[in-house]
Amino acid sequence: MAQPRVLVLRSPGTNCDLETVYAFERAGAVAERMHVRRVLESPGQLAGYQILCVPGGFSYGDDIAAGRILANQLRHHLFDHLRSFHAEGKLILGICNGFQVLLKSGLLLPVDPGGAIPATLTWNTLGRFEDRWVPLVTAGEKSPFFAGIDTMYLPVAHAEGRFVTRDARVFEQLATAGQLVLRYGARPPQGVELEPRTAYPDNPNGSSGDVAGLCDASGRVCGLMPHPERYIDPTQHPRWTRQPARAAGDGLRVFQNAVSYFA
Amino acid sequence: MLWEIDIHPRSSEDSRAATALIQAAAELGFARGPRVAAATGYLVQGSLDRDQVERIAGELLVDSVVERSVLGQAGEDVLTDPESAGCDPSAEWQVVHVLPKPGVMDPVAQSTLAAIADMNLQADAVRTLRKYWIADLSDDELATLCNKALANDAIEQVVLGPLEFDRLELGSPYQFELQTVPLASLDDDGLRRLSREGQLYLSLVEMQTIQNHFRELGRDPTDAELETIAQTWSEHCSHKTLAGRIAYRGPDGERRFENMLKETIFAATHEIRGQLGDDDWCVSVFADNAGIVRFDEHNNVVFKVETHNHPSALEPYGGANTGVGGVIRDPLGTGMGAKPICNTDVFCFAPPETPVHAVPTGALHPKRVMRGVVSGVRDYGNRMGIPTVNGAIYFDPRYLGNPLVYCGNVGLIPRDKSSKEPQPGDYIVALGGRTGRDGIHGATFSSAELTHESESLSGGAVQIGNAITEKMLLDVVLAARDQGLYHAITDCGAGGFSSAVGEMGEKIGAEVWLDRAPLKYEGLSYTEIWISEAQERMVLAVGPDQWEAFAALSASEGVEATVIGRFVPTGRLQLKYGEDQVADLSMAFLHDGRPPVVRDAVYAPPAAAPLKITAEAAANPTETLTKILGSLNVASKHWVIRQYDHEVQGGSVIKPLVGAQNDGPSDAAVVRPVLSSHRGIAVSCGMNPHYGDFDTYHMACSAVDEAVRNCVAVGADPDRIAILDNFCWGNTDRTETLGSLVRAALACHDLAVALGTPFISGKDSLNNEFRYVDADGQSRSISIPPSLLISALGQIDDVARAVTMDLKEVGNRLYIVGETFEELGGSHFAAVHRLDGGEVPKVDPARAKRTFAKLHAAMTEGLVRSCHDLSEGGLAVALAEMAFAGGLGAAVELTNVPHAALADQHEAAVLLFAESNTRFLCEVAPEHAARFEELLSDVPLGNLGEVTALQDLQVTHDGHPVIVVDLERLKAAWQAPLDWN
């Protein structure tokens with residue numbers, strides 16, 4: 001397949017859709033934005049795409065909790081369609097608000113028999129929204145999105161990004177399974193400790209185990225809080241005027257990996 | 001049935017709401033801190049059984065990893081039981097509920113109602129609340145806490161103890177009754193009283209003009225007619241004072257203006273455009289909702305800055321929130337609609353450390369104001385997905401009770417979509433949010449003075465925004481624009497439909513069917529519908545042939561579009577409610593019938609007094625520098641900046657914080673609005689209210705110079721900078737106050753023309769005073785200092801040539817560009833040493849133009865590694881900031897600073913701390929030094945020293961050390977004051 005087709009899902013309050021489309025296009029994909037109402041009207045359309053991306057923003061204002069309302073729409077009305085999209089070997093990516101949506105919809109981690117999700121993204125320890133750049137390190141090779149990437153430097157911009165599991169056991173299982181694929185900080189994680197090793201501000205929200213991104217058991221559904229689409233052009237780096245010229249930003253690799261997965 | 005679902009944090013989680021309240025209590029200075037538990041609650045009304053309510057709690061409202069829920073029917077004991085809240089049952093707990101007042105926007109409730117419907121459950125209404133369990137406070141302390149920290153009476157109600165109601169008030173149906181106002185029989189006192197008590201805020205002459213108009217018609221006006229005239233003639237909408245006749249006397253002679261703004265600010269732009277001839281890059285100035293200038297071969301850029309001062313004084317969060325929402329609708333309502341690409345926000349507050357007892361009744365504490373304003377700007381801008389890239393905060397005790405909140409937005413618009421024309425026969429379409437009672441009398445209120453009674457009198461003028469509604473509106477407008485589905489668009493701002501329809505239909509005529517406007521709840525009268533300032537609405541002129549497609553597009557995005565009337569070629573404004581006509585005004589009377597405001601203005605600058613530097617003030621420059629860095633105006637604003645998303649849309653090139661640790665203060669922001677292009681815009685501002693105490697002419701020149709030099713410092717082309725003026729002044733009924741404004745406007749004209757920097761839009765806010773009764777029963781008033789904000793929009797051909805202010809490399813040379821004068825009047829040096837008098841900084845226009853051009857030429861050749869403008873705190877502060885931002889030292893000798901003759905014996909202090917205009921500090925690599933000096937040969941230039949590998953600042957004067965200090969200490973002093981939790 002030459003050019004995979006990407007559906008960038010839009011909803012009321014989505015606001016990183018245009019730059020996410022641009023990032024996928026720069027990586028060689030054909031990307032288009034679609035409102036969740038169009039998908040709900042005819043979910044069969046999903047079949048025409050290889051990659052589904054839920055971009056950043058404030059879906060439905062993040063009212064009640066970040067990503068909750070869009071997550072419930074996916075869970076109540078599109079879950080089966082998305083499971084079969086996934087079962088066909090396709091990719092699903094959630095960035096920032098998209099990560100919150102995927103996690104709270106049950107697409108990233110399976111829902112308990114009681115209907116509860118074993119982990120969440122909640123308020124930053126600091127208790128407020130912050131925009132800052134953070135060092136990131138990958139942990140394992142579970143997810144194709146991070147293939148060949150060891151470290152990245154990307155911005156975060158969120159208020160509710162602290163990754164918390166229901167208990168230590170859930171964390172340990174996810175870590176052991178290699179699903180906690182992206183961590184804040186410079187050093188790769190060792191062991192399965194949920195205590196953060198990286199302090200604020202490099203761990204910007206107090207996430208357990210410094211988790212910045214995770215994937216499902218297959219690795220093909222992935223969510224991350226940092227914004228790779230905000231570091232495509234070298235001039236987006238906060239210190240580009242201090243550094244030797246670069247060809248492209250770290251974030252582009254994530255989108256290129258998604259595209260080359262279908263090469 | 002009314003259910004309540006409370007969401008509590010699990011015991012493993014911190015309670016943010018409780019922590020915030022404990023902190024607020026500490027700031028109120030109580031003897032001992034209270035114990036607090038907190039929850040958020042949802043009141044859900046509908047025929048729902050307990051199982052269904054549990055489902056709503058479990059699947060929608062609670063995040064079981066970190067939260068737990070308590071639910072019951074409203075009033076059930078379990079909902080107020082301290083043990084439900086995890087409180088120690090042995091203590092005595094008071095339960096406090098805080099609810100939005102009926103009719104106040106509650107976005108979360110709206111979303112929750114929709115999400116419940118999405119679960120196939122039926123709820124009729126939802127309202128959110130906050131609730132607290134509080135122990136260890138006396139009754140008095142609890143009352144103070146509720147009043148000063150917990151709730152804002154303008155929009156919220158507090159219920160102590162259990163909630164007593166069993167249903168949510170949804171409004172009751174409106175019974176139509178035509179209201180006329182008996183005007184004909186009123187004498188002058190009666191007219192004055194009607195103007196004041198009816199919140200029309202019109203002058204006696206204006207009231208008499210209206211009275212005569214209706215006498216000629218042989219009838220009394222309806223309430224809707226009177227309100228329409230008051231809105232249209234308000235200061236806020238018509239700028240009648242500054243665009244009126246003014247007889248001015250000042251040190252610069254006598255002038256008679258027919259239209260002061262037109263003959264100063266607009267005239268400057270007109271002269272510049274005339275000089276540019278075919279190279280004119282202005283597109284639309286002072287005509288539309290925002291100014292428009294050329295950007296590239298496909299697009300223009302649009303810029304507007306508004307103020308939202310009075311609403312922010314009463315309800316800081318809501319006022320600032322809707323200030324941002326409102327200014328975004330300006331570019332969106334300019335031409336056929338511009339895409340918002342970045343925000344700039346500037347605030348003025350009283351010092352946050354003002355003692356609680358020093359805050360007069362009716363005013364909020366400045367720290368609470370600042371927290372609320374910053375949160376309001378953050379939540380609106382971030383949710384809209386518009387990066388907030390630039391701003392400033394100024395502190396002065398005179399902003400107590402009357403803070404200033406300037407909100408600005410830049411938009412991008414295709415060149416062929418930059419103008420509009422409604423057509424006769426077009427439908428008048430209301431798009432976006434529904435109409436409610438919010439913001440009634442906002443336009444007339446913002447033209448009046450604030451008093452300690454404003455809170456109760458004008459509570460309805462306070463609005464709460466819903467950013468997501470506006471984001472949805474934005475998405476529809478841009479899609480409809482590109483599909484060509486309407487002829488004209490404007491924002492529904494101050495004055496609501498009244499202003500929007502009145503302005504758009506001015507040249508045609510309009511008929512409006514008020515009963516068709518979609519309402520948030522029942523019970524609004526036709527007049528309330530007409531003048532409501534409910535947020536997130538736009539008005540469009542849609543051709544009958546376009547309507548079907550327009551309606552379908554709006555519906556597909558879930559945005560409400562409603563035909564509420566038609567533009568008809570009658571030259572009249574006719575309002576109907578059902579079959580009844582409720583207003584019939586001639587457009588000519590409405591727009592041209594207002595009697596001209598005629599004012600006298602006098603200005604005499606305070607007598608000049610020399611500033612004598614005391615031995616004590618000169619003794620320790622290191623200490624002085626540290627103090628200035630730690631003063632509120634200079635100190636780091638990172639606590640604010642980091643709360644704003646300054647990178648969404650992906651075009652960020654120069655961020656507000658730059659340098660080795662991303663924490664140095666940038667002079668201006670640079671953004672690429674088109675991701676596939678490297679052409680950029682630069683956004684900056686200039687303001688210095690303290691200089692106005694000396695001479696508003698030089699204050700205005702300094703503000704223009706500062707805005708332009710900030711832009712030039714990051715690499716913007718000085719021949720392509722457009723500026724905006726925002727005058728916030730005290731009560732201009734006083735001839736001296738108006739005189740100080742006219743003098744500033746004259747300065748704006750003179751310097752804009754000399755620099756070739758056109759004003760493209762502006763806005764004024766007058767009557768910024770706070771009146772109150774002090775403890776002794778004396779009536780007092782605080783007037784803000786003259787506060788002129790100049791905002792600049794620059795352009796950069798290739799952003800890869802942009803320059804940041806952080807030092808880059810050891811061994812590079814440091815040059816000062818521009819001349820230093822003995823200008824310490826109004827300076828931070830004078831402030832920290834409590835010295836009065838002195839010369840306020842002035843601008844040499846010809847030299848400023850040359851300096852900007854030559855420095856830009858050097859930047860274009862890539863000769864400048866870093867550049868910082870010299871402003872508050874002068875050379876010393878600029879040098880310190882560049883050094884600690886870059887994490888590199890600097891060694892500098894002051895004798896090489898080009899300067900005029902200095903009278904004061906303490907030369908080093910003058911050279912370090914004078915705030916003379918048009919100066920920069922530049923870092924240049926040794927191999928480029930010769931070329932740099934050659935390019936700047938006809939500009940004052942001094943080679944001061946070099947960048948060092950040491951982590952300190954070393955300044956000598958004539959070889960004698962004057963400053964030796966670690967960068968770490970300077971940075972800590974700079975970061976400490978506003979490093980809030």
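## A hairpin, two sheets and two chains

In the hairpin of β31(B) and β32(B), five residues sit between the strands, and B:Gly777 takes a positive phi near 80°. That's a small detail to start with, and it comes from a predicted model, as does everything below. Let's stay with this hairpin for a moment. Its strands are β31 (residues 769-773) and β32 (residues 779-783) of chain B, and they pair in the antiparallel sense over five bridges. If you want to find the pairing on screen, look for B:Phe770, which stands opposite B:Ile782 in β32(B).

**The two chains as wholes**

Now zoom out. Here's how chain A and chain B look in numbers.

| Chain | Helices and strands | Box along the principal axes | Buried residues |
|---|---|---|---|
| Chain A | six helices, 11 strands | roughly 45 × 45 × 30 Å | 61% of 263 residues |
| Chain B | 30 helices, 40 strands | roughly 85 × 75 × 65 Å | 58% of 981 residues |

How compact is chain B? Its radius of gyration is 29 Å, close to the 30 Å that the globule rule gives for 981 residues, so chain B is as compact as a globular protein of that length. Chain A tells a similar story: its radius of gyration is 17 Å, close to the 18 Å from the globule rule for 263 residues, so chain A is as compact as a globular protein of that length.

You can also ask who touches whom along each chain. Take the contacts in chain B with a separation of 6 or more: residues 24 or more positions apart account for 82% of them. For chain A, counted with that separation of 6 or more, residues 24 or more positions apart make up 72%.

B:Val640 gives you one concrete case of parts that are far apart in sequence. This residue has its place in helix α22 (residues 638-641) of chain B. Is B:Val640 buried or exposed? It has 21 other C-beta atoms within 10 Å, and 20 or more count as buried, so B:Val640 is buried. Its C-alpha atom is separated by 9.1 Å from that of B:Trp980, although the two residues are 340 residues apart along the chain.

**The sheet in chain A**

Chain A has an open sheet of nine strands with mixed pairing, in the order β2-β1-β3-β4-β11-β10-β9-β6-β7. At the edges stand β2 (30-35) and β7 of chain A; each has a single partner strand, so one side of each is left without a neighbour in the sheet. On average, neighbouring strands here are turned by 25° against each other, ignoring direction.

Inside this order you'll spot β10 next to β9. Strand β9 (residues 182-184) and strand β10 (residues 211-215) of chain A pair in the antiparallel sense over two bridges. For A:Leu182, the bridge partner in β10(A) is A:Gly213.

**A sheet in chain B, with a helix across it**

Chain B has an open sheet too, this time with six strands in the order β9-β10-β11-β14-β12-β13, and again the pairing is mixed. Its edge strands are β9 (282-284) and β13 (388-395) of chain B, each pairing on one side only. The average turn between neighbouring strands is 20°, with direction ignored.

Have a look at β12 (residues 339-349) and β13(B): they run parallel, joined by seven bridges. In that pair, B:Phe349 stands opposite B:Phe395 of β13(B).

Which strands does helix α12(B) lie across? They are β12, β13 and β14 (404-414) of chain B, and the helix runs at about 180° to β12(B).

That helix has a helical neighbour as well. Two packed helices are described by the angle between their axes and the distance between the axes. For α12 (residues 366-384) and α15 (residues 467-482) of chain B, the axes come within 9 Å and cross at roughly 30°, and the crossing is right-handed. On the α12(B) side, B:Asp379, B:Tyr380, B:Arg383 and B:Met384 meet B:Ala467, B:Ile468, B:Glu470 and B:Lys471 of α15(B). Sorted by class, this contact has four nonpolar, no polar and four charged residues.

**Where the chains meet**

Finally, the interface: 44 residues of chain A are in contact with 50 residues of chain B. On the chain A side, the elements that give two or more residues are α1 (17-26), α3 (68-87), β5 (119-122), β6 (130-138) and β7 (151-158). What's the mix on that side of chain A? Its residues divide into 18 nonpolar, 15 polar and 11 charged.

Terms used: Residues are numbered from 1 along each chain as its sequence is written. Chains are lettered from A and ligands numbered from 1 in the order in which they are written. This is a predicted model: local features need pLDDT of at least 70, side-chain atom pairs count only at pLDDT 80 or more; totals for chains, interfaces and linings use all residues. Two residues are in contact if their C-beta atoms, placed from the backbone, lie within 7 Å. Helices (H or I, at least four residues) and strands (E, at least two) are DSSP runs, numbered from the N terminus. Ala, Val, Leu, Ile, Met, Phe, Trp, Tyr, Cys and Pro count as nonpolar, Asp, Glu, Lys and Arg as charged, and the others, Gly among them, as polar. Axes are lines fitted to C-alpha atoms, for helices over the stretch in contact, and angles run from 0 to 180 degrees between N-to-C directions. A crossing is left-handed if the near helix is turned anticlockwise from the far one by less than a right angle, and right-handed if clockwise. Two strands pair if DSSP finds at least two bridges between them. The radius of gyration is taken over C-alpha atoms; the globule rule is 2.2 Å times the number of residues to the power 0.38. A residue is buried if 20 or more other C-beta atoms lie within 10 Å of its own, exposed if 12 or fewer, and partly exposed in between; C-beta atoms are placed from the backbone.
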